[in-house]
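Walk me through this structure, please. I would like to follow its sheet, its pockets and its salt bridges.

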Amino acid sequence: MEINEQKHEDIDVVILGGRFVMACAQETRERLKVLISQGQGKLIIDMENVSFIDSSACAVLVSAFKDIQLKSGRLVLVTSPVVQSLIELTRLHTIFEILPSKAVALDAFKAAQ
Amino acid sequence: VTTLNNNNNKPADITLKIPAEAEHISQLSVALHSLCFYATGKEDFAIQFQQALVEALNNVVEHAYNNQAGHEISVCYYQEHNQIRIEIIDSGESMTTLPEPVLPDFDAESGRGWWIIHCSVDNYHYQVIEQVQHSNTNILTLIKHF
């Protein structure tokens, strides 16, 4: 899986691509933990280019959500259709904030400032 | 591919094997996705079957083999009339019963796999073949109609 990190002012953006599955879950979890601990509590996880996701990846997203909550921060997800489908199947869409694109997510953070 | 049985236009039954390690699951599941799409022409069908297959393979690696290398998983693919049947075969620790397919609390970081399997295929069952001199053989069968 590809993992790229960007910084837009005080907003951290993690762009994931490829298959987000058990084989890369631990590495992704650790990178998100570091990013959240060092960041300003504003995180976008962009999965628009994720082609497949499993329950291990859902667990990583839940872990990031809990970590950002501990900082009273905000996590926004951007999903591909496959990711959105599994998130809805596991009913995690009821807790995650999901926006249609990275640009919309960045605007949402800036509008809240 | 270890088995091909294609006569009288009967779809081939195919067996694939991988080392029981997380990094090999994608190769196998993408291959099975392609077989399901080839058989049905339906991307939704193929992705749902892949979803169930990946969760089942994750469970074998994590729980049956406890993430220990040096083991193997076989997956047998059968196209039968209006359904695809896939058997996932391992010789790791057997389950005594299948877990309940229920969603955990939203903040749980495990326990969604069987729910995904339950929602993604039409039927599934589990068989343990006990052997005296060797490890048990565990067979999880996933069935989905098209």
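Strands β2 (residues 11-20) and β3 (residues 42-53) of chain A run parallel and are joined by eight bridges. Helices and strands here are DSSP runs (H or I, at least four residues; E, at least two), numbered from the N terminus. One bridge partner pair is A:G18 with A:V50 in β3(A). Residues are numbered from 1 along each chain as its sequence is written, and chains are lettered from A, with ligands numbered from 1, in the order in which they are written. The model is predicted: local features need pLDDT of at least 70, side-chain atom pairs count only at pLDDT 80 or more, and totals for chains, interfaces and linings use all residues, while side-chain values use heavy atoms and leave out hydrogens and water.

Now the whole sheet. It is open, has five strands in the order β1-β2-β3-β4-β5 (chain A), and its pairing is mixed. Two strands pair if DSSP finds at least two bridges between them. At the edges stand β1 (2-8) and β5 (97-99) of chain A, each with a single partner strand, so one side of each has no neighbour in the sheet. On average, neighbouring strands are turned by 25° against each other, direction ignored. Chain B joins in here: α2(B) packs on the sheet and touches β2 and β3 of chain A. Contact means heavy atoms within 4.5 Å. The direction of α2(B) makes about 105° with that of β3(A). Axes are lines fitted to C-alpha atoms, for helices over the stretch in contact, and angles run from 0 to 180 degrees between N-to-C directions.

Next, the pockets. A pocket is an open set of points on a 1 Å grid over the protein atoms alone, where a 1.4 Å probe fits, with protein on both sides within 12 Å along at least five of seven lines; lining residues have an atom within 4 Å of a point. The largest pocket holds about 680 Å³ of space, and a volume is the space filled by probe spheres set on the points. Its lining has 34 residues, with B:E55, B:N58, B:N59, B:E62 and B:H63 nearest the centre. α2(B) gives the most to this lining, nine residues. The second largest pocket has a volume of about 230 Å³. Among its lining residues are A:P81, A:L89, B:E43 and B:C119.

Last, the salt bridges. The count comes to ten over all chains; the rule asks for a side-chain nitrogen of Lys or Arg within 4 Å of a carboxyl oxygen of Asp or Glu. One of them joins A:R29 and B:E109, with the closest N and O atoms 2.6 Å apart. This pair crosses between chains, from helix α1 of chain A to the loop between β3 and α3 of chain B.
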